[in-house]
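Here are a few short exercises on charged side chains, each with a worked solution. Have a look at the model first, then try each task before reading on.

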Amino acid sequence: MEQTANLCAQVPVSLLARIREEQEKAGMPRGEYITQILTAYYETQNRKGDKTMEFTKTLAFQIREELFNRIKDHLDRERQRTGRKLSQKDFVIGLIERELEAAGQREDGEDDPQENGSGDGSSEQE
C-alpha cells in the first residue's frame, strides 16, 4: 500500500455537508472517498491535457449520410496529410468557432460608424 499523508483544508460548510452525505452513501471512510474524488479529477485532467475543466453542453444533430461520408473522407485525408488524427467533434467545433469568430468580426465592423460611412446605415450623402 502506498504511503499516505494528512490533507487538511478549510472548505465551506455546505461543501463539507455534501461530501459527508456522498461519502456515507458510498460507504467509504472519508480519506478513501476524498482520495477517490481527487484521483478521478486528476485522471480527467490528464485525459484533457492542460485544458481547464469547463462546463459543457451537448449539441446533437443528424446529417445526411452523404455529408457524413464526405466529412469522414476529409478527416482521413487530413490524417494522411498531417499525420495527426482529428476527431469529428474537434473538426465540427473548429468550424463553429471559426464561423463565430468571423461573424463577430463582421458585427464589430458593422457597429463601427467609420467602417460603413455615416453610421446610420445609409450610404447617401446629405
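**Exercise 1.** Which kind of contact do the side chains of Glu21 and Lys25 make, and at what N to O distance?

Keep in mind that this is a predicted model. Start with the distance: N to O comes out at 3.5 Å. The cut-off for a salt bridge is 4 Å, so Glu21 and Lys25 meet in a salt bridge. Next, place the pair: both sit in helix 1 (residues 13–26), 4 residues apart, about one turn of the helix. Finally, check the cover. Lys25 has a relative accessible area of 60%, so it is exposed, while Glu21, with 44%, is partly exposed.

**Exercise 2.** Work out how Arg70 and Glu66 are paired and where they lie.

First, their closest N and O atoms are 3.7 Å apart, and the two form a salt bridge. Then look at the backbone: they are 4 residues apart in helix 3 (residues 65–82), so about one helical turn separates them. As for accessibility, Arg70 is exposed at 52%, and Glu66 is partly exposed at 42%.

**Exercise 3.** Find the salt-bridge partner of Glu99, then see which residues are joined into a network.

The partner is Arg106, with the closest N and O atoms 3.3 Å apart. Glu99 is partly exposed at 46%, and Arg106 is partly exposed at 45%. Elsewhere, salt bridges with shared partners link Glu21, Glu22 and Lys25 into one network. The structure holds 6 salt bridges.

How values were computed: Residues are numbered from 1 along each chain as its sequence is written. This is a predicted model: local features need pLDDT of at least 70, side-chain atom pairs count only at pLDDT 80 or more; totals for chains, interfaces and linings use all residues. Side-chain values use heavy atoms; hydrogens and water are left out. Helices (H or I, at least four residues) and strands (E, at least two) are DSSP runs, numbered from the N terminus. Buried means under 20% relative accessible area, exposed over 50%, partly exposed in between (1.4 Å probe, protein chains only).
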